[in-house]
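Colleague: Hi! Got a minute to walk me through this one? I'd like to start with the ligand site.
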Amino acid sequence: MSPVDPGSTGSPSGDLAAGETRGAESATAQWYRHFGTVDAPGNSDCYAAWSVGIAEDPELLRRIDEWPYNKRQPLLMLAAARFLGARISPYPDFRAFLDAHWEDVSRTVLARATQTNEAGRCATLLPSLAQIAADGGRPLALIEVGASAGLALFPDRYGYEYDAGPGLTRLAPAGAAAGTYPVLGCTVTGPVPLPAELPGVVWRAGIDLNPLDVRNPDDVAWLEALIWPEQDFRRERLRRAIAIAQADPPLLVAGDLNDQLSALAARAPSDATLVVFHSAVMAYLDAEARERFRATMARLAVDRGCHWLSNEGHTVVIQADGSSVVPEMDESRLRGRFLLLHNGKPTAITGPHGQSLEWL
Ligand SMILES: C[S@@+](CC[C@H](N)C(=O)[O-])C[C@H]1O[C@@H](n2cnc3c(N)ncnc32)[C@H](O)[C@@H]1O
């Protein structure tokens with residue numbers, strides 16, 4: 001499985017199975033070492049140090065190995081500790097915090113999942129959404145599958161700053177006072193069709209195995225804990241996006257996207273152009289489930305004229321038989337970035353948090 005948020009669901013380095021060891025280090029130790037030396041540097045010095053500290057701490061590794069395999073992932077464990085109050089600190093202090101709160105850390109890890117909701121990704125979806133709305137001559141009805149708290153369902157309520165090098169294109173939601181919405185910065189390259197105004201959205205809905213509720217303080221605290229400690233700008237952006245969603249909570253359906261999508265699409269208003277989209281979700285599905293989803297999207301395209309925007313990491317374009325859904329795309333260009341597909345066709349390479357958009 002590929003990392004969906006840098007490092008969030010990655011498997012142990014070298015893809016060792018649970019319980020396997022290579023050399024002196026267990027799979028879990030290697031997972032934390034990989035996170036601490038590859039994923040975290042450049043994003044969080046604190047997580048880098050904590051993760052390497054854990055990789056070299058046999059007693060802690062033993063406790064982590066008592067959790068089910070998919071609960072041992074570094075980002076989940078570190079977010080749980082921060083959710084419970086761990087602050088940026090040297091590893092020995094963090095270790096003392098864990099000792100004092102281990103039962104609660106364990107309970108949080110077992111109850112929660114990595115559901116990072118990154119409103120910034122709207123910056124990479126917006127040009128495609130605006131183009132779809134303009135071509136159809138109608139406003140949009142949006143469905144996000146794997147929506148977490150649904151923050152990406154508000155692309156019309158956020159501000160944007162597209163930096164093309166020599167020029168800056170700014171877009172703001174009509175009638176909203178500055179400071180009341182997040183401004184999503186995005187570096188653009190290539191012939192990105194930047195819109196002159198934000199597209200109209202008349203209906204928005206999401207599906208998630210476990211929808212997070214922006215009106216629930218615990219869920220909001222969990223969303224904040226999932227942001228890496230030093231990334232204050234992302235936390236500020238999250239808070240502003242949450243405030244917008246709290247004022248008008250989106251319709252979120254609990255369940256598997258493959259089970260819920262057709263019924264939810266039938267509820268979308270027929271006088272709007274329907275767009276189904278997803279970011280950082282397909283890595284949670286196996287190849288068969290992704291195939292099933294592609295078949296549903298093909299049906300919705302025929303029956304409903306539905307558009308499909310997929311914004312996902314490189315491994316999720318692989319099909320059940322090992323072939324690629326986009327054989328024309330050189331995978332090496334995607335490492336650490338996402339591929340944006342519109343109705344299955346490569347459109348852009350995007351920064352995983354929406355920070356960049358390279359139009360193809
Ligand atoms: C990393 S989060 C991304 C959230 C959001 N798409 C974003 O870009 O901010 C992945 C989300 O997908 C959800 N998810 C994973 N598998 C799913 C499935 N089979 N059906 C519905 N939701 C799923 C998870 O619960 C989680 O909230």
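Modeller: Sure, and keep in mind that this is a predicted model. Let's begin with Asp-256: an N or O atom in its side chain is 3.1 Å from a nitrogen atom of the ligand.

Colleague: And how much of the ligand's accessible area does the protein cover?

Modeller: The ligand has 600 Å² of accessible area on its own, and the protein covers 96% of that.

Colleague: Which side chain has an N or O atom 2.9 Å from a nitrogen atom of the ligand?

Modeller: That is Glu-144. There is also Arg-121, with a side-chain N or O atom 2.7 Å from an oxygen atom of the ligand.

Colleague: Which residues come nearest to the ligand?

Modeller: Asn-117, Glu-118, Arg-121, Gly-146 and Asp-208 do, out of 18 residues around the ligand. By type, the shell splits into 6 nonpolar, 7 polar and 5 charged residues.

Colleague: Nice. Switching to the fold: how many strands are in the sheet, and in what order?

Modeller: There are 11 strands in an open sheet with mixed pairing, and the order reads β5-β4-β6-β13-β12-β11-β10-β9-β3-β7-β8.

Colleague: Which strands stand at the edges?

Modeller: β5 (168-171) and β8 (251-254). Each has a single partner strand, so one side of each has no neighbour in the sheet.

Colleague: What's the average turn between neighbouring strands?

Modeller: It comes to 20°, with direction ignored.

Colleague: Back to β8 for a second. In what sense does it pair with β7, parallel or antiparallel?

Modeller: Parallel, over 4 bridges, with β7 spanning residues 201-208. One bridge links Gly-206 to Leu-252 in β8. Helix α9 (residues 257-266) packs on the sheet there, touching β3, β7, β8 and β9, and its direction makes about 155° with that of β7.

Colleague: What about helix α6, which strands does it lie across?

Modeller: Helix α6 (residues 122-136) lies across several, including β3 (140-145), β6 (183-189) and β10 (307-312), and it runs at about 170° to β10.

Colleague: Last topic, β13. Which sense does its pairing with β6 take, and which with β12?

Modeller: With β6 the pairing is parallel, over 3 bridges, and with β12 it is antiparallel, also over 3 bridges. Val-188 stands opposite Leu-357 in β13, while Trp-359 in β13 is the bridge partner of Ala-348.

Colleague: And how many residues sit between the strands in the hairpin of β12 and β13?

Modeller: There are 5, and in that hairpin Gly-354 takes a positive phi near 85°.

Notes
Residues are numbered from 1 along each chain as its sequence is written. This is a predicted model: local features need pLDDT of at least 70, side-chain atom pairs count only at pLDDT 80 or more; totals for chains, interfaces and linings use all residues. Side-chain values use heavy atoms; hydrogens and water are left out. A residue is near a molecule or strand if one of its heavy atoms lies within 4 Å of it. A polar contact is a pair of N or O atoms within 3.5 Å; within protein, one must be able to donate a hydrogen and the other to accept it, and residues adjacent in sequence count only if both atoms are side-chain atoms. Accessible areas come from the Shrake-Rupley method with a 1.4 Å probe; for residues, only the protein chains shown count as cover. Ala, Val, Leu, Ile, Met, Phe, Trp, Tyr, Cys and Pro count as nonpolar, Asp, Glu, Lys and Arg as charged, and the others, Gly among them, as polar. Two strands pair if DSSP finds at least two bridges between them. Helices (H or I, at least four residues) and strands (E, at least two) are DSSP runs, numbered from the N terminus. Axes are lines fitted to C-alpha atoms, for helices over the stretch in contact, and angles run from 0 to 180 degrees between N-to-C directions. Contact means heavy atoms within 4.5 Å.
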